[in-house]
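Hi,

Here is the structure I promised to pass on. Have a look at it first, and my notes on what turned up follow underneath.

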Amino acid sequence: MKTDFDLQQNILEKTAEFVKISLEKAESGHDWWHIWRVRNTATHIAKAEQVDPFLVELCALLHDIGDYKFHDGDEELGPKLIREFLESIQTPKSIIEKVDDVVRNISFKGSLNSHVEKSIELQVVQDADRLDAMGAIGIARAFSFSGYIGQSFYDPNIPPKPGLSKEEYKKRKSTSINHFYEKLLLLKDGMNTKAGRALAEERHRFMELYLEQFYKEWDGEG
Ligand code: ADP
Ligand code: NI
C-alpha cells in the first residue's frame, strides 16, 4: 500500500523532472541549479518553522515556472502551466491552491506594489529565493544576468535608482553594480523568517565587502 510519504515523494520526483525540462533553455541565473539551491535553502529554513516540508519543497521546485520573464511578460501563463501539470499527476486540489498562491506572489517585482497576506510557505520559499540573489551566489547571478541582457557591469555615469515601481523595474537597463543598490542590498530588510534573516545578514556583509573591494580596484587603489 502506498503511504502519504510515497505519494508525496512521487509528486516531488515528477515535479523535479517537469521543472528541469521547462527550464532547460533558461539563462544561468534561473536554471535548474537555482531551483536546486532554493529548494535546499527553503528546506533548511523550514526546519525552524511550523510548516509542511512537502509543500515548501513543492513550491520551491515550481516557484520560477510562474515567472513572467519566461513567458514574454505574460503573468498568467506560468500559473496556468503549473496547475495543468499538477492536475495531470493527480495532486490534491488543496495543495494546488497553496502552490498557486505562492508562485503568483513570490517575485521581487510582484512584491513591489502589492500587500498580500503571506502564507508561511510563501514566506519560507520567498526568503530562500531572495537569499539566492544575495552573497557570493547572488553576485554571480547579477553579473550573469547582466551579460544575458547585454548591460555593462559598471558605468559611473549611470547612477543607481532605488525605489523603482514595478513597471520601471521591469523595463530598465542599468548595470550589475547598480543592481546592488536597486535590489540586492535591500533584500536583507525584507526577510520574513528568523532563520532567513540570519542567513541574509551574513550574505549582506559579504556583498558590502565585495563592493568595497570593487571600488578600490576600480580606482586603482586596491
Ligand atoms: P528572482 O528569480 O530571484 O525572483 P529576478 O527574476 O528578479 O529574481 O532576477 C534573477 C536574478 O538576476 C537575480 O539574481 C537578480 O539579482 C538578477 N537580476 C535581475 N535583474 C537584474 C538587473 N537589472 N541587473 C543585474 N542582475 C539582475
Ligand atoms: Ni527564483
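Leucine 186 is partly exposed, with a relative accessible area of 40%, a value that falls between the 20% and 50% cut-offs for buried and exposed. You'll find leucine 186 in the loop between H10 and H11. Its C-alpha atom is 10.0 Å from that of methionine 134, although 52 residues separate the two along the chain. Keep in mind throughout that this is a predicted model.

Now the overall picture. The chain has eleven helices and zero strands, so reading along the sequence just gives α-α-α-α-α-α-α-α-α-α-α. Of its 222 residues, 45% count as buried. Among contacts with a separation of 6 or more, 66% are between residues 24 or more positions apart.

The metal site

There's a nickel ion in the model (ligand 2), and its protein donors are His34 (NE2), His63 (NE2), Asp64 (OD) and Asp129 (OD). Those donors lie 2.1 to 2.4 Å from the nickel ion. Along the chain they follow the spacing H-x28-H-D-x64-D.

What sort of geometry does the site of the nickel ion have? It comes out as irregular, with angles of 82 to 167 degrees among the four donor atoms. To count as tetrahedral, four donors would need all angles between 85 and 135 degrees. One caution here: water is not among the atoms, so sites may look incomplete.

Are histidine 63 and aspartate 64 buried or exposed? Histidine 63 is buried, at 1% relative accessible area, and aspartate 64 counts as buried too, at 4%.

Helix H8

H8 covers residues 135-149, which is 15 residues. From first C-alpha to last it reaches 21 Å, close to the 21 Å expected at 1.5 Å a residue. The buried residues in H8 are Gly135, Gly138, Ile139, Arg141, Ala142 and Ser146. Looking down the axis of H8, these buried residues fall within an arc of 165 degrees, so they line one face of the helix. Gly147 and Tyr148 are exposed on the other side of H8.

What do the buried residues of H8 pack against? Their partners are helix H2 (32-46), helix H7 (120-131), helix H10 (176-182) and helix H11 (194-218). Just after H8 comes glycine 150, with a positive phi of about 75 degrees.

Serine 146, one of the buried residues of H8, has a relative accessible area of 3%. Its side chain makes a polar contact with the side chain of serine 176, at 2.8 Å. Setting aside neighbours within four places in sequence, serine 146 is in contact with Gln151, Thr175 and Ser176.

Helix H4 and what follows

H4 runs over residues 77-88. Its twelve residues should span 16 Å at 1.5 Å a residue, and the end C-alpha atoms are indeed 16 Å apart. Gly78, Pro79, Ile82, Phe85 and Leu86 are buried in H4. They cover an arc of only 130 degrees around the axis, which puts them on the same side of H4. The cover over the buried residues of H4 includes helix H1 (4-22), helix H3 (53-62) and helix H5 (93-105).

Which residue just after H4 takes a positive phi? That is glutamine 90, at about 55 degrees. Most residues other than glycine have a negative phi, and glutamine 90 has a positive one without being a glycine. Glutamine 90 lies in the loop between H4 and H5 and is exposed, with a relative accessible area of 65%.

One more residue

Histidine 179 sits in helix H10. At 19% relative accessibility, histidine 179 counts as buried, because the cut-off for buried is under 20%. Histidine 179 and proline 162 are 17 residues apart in sequence, and their C-alpha atoms are 8.8 Å apart in space.

Best wishes

Definitions and conventions: Residues numbered from 1 in each chain as written. Chains lettered and ligands numbered in written order. Predicted model: local features only at pLDDT ≥ 70, side-chain atom pairs only at ≥ 80, totals over all residues. Heavy atoms only, no water. Donors = N, O, S within 2.8 Å, 3.2 Å for Na, K, Ca; no water. Tetrahedral: all angles 85-135°; square planar, octahedral: opposite > 155°, others 65-115°. Buried < 20%, exposed > 50% of the residue type's maximum accessible area, 1.4 Å probe, protein only. Helix = DSSP H or I, 4+ residues; strand = E, 2+ residues; numbered from the N terminus. Expected span 1.5 Å × (residues − 1). Arc of directions from axis to C-beta. Contact = heavy atoms within 4.5 Å. Polar contact = N/O pair within 3.5 Å; in protein donor to acceptor, adjacent residues only side chain to side chain.
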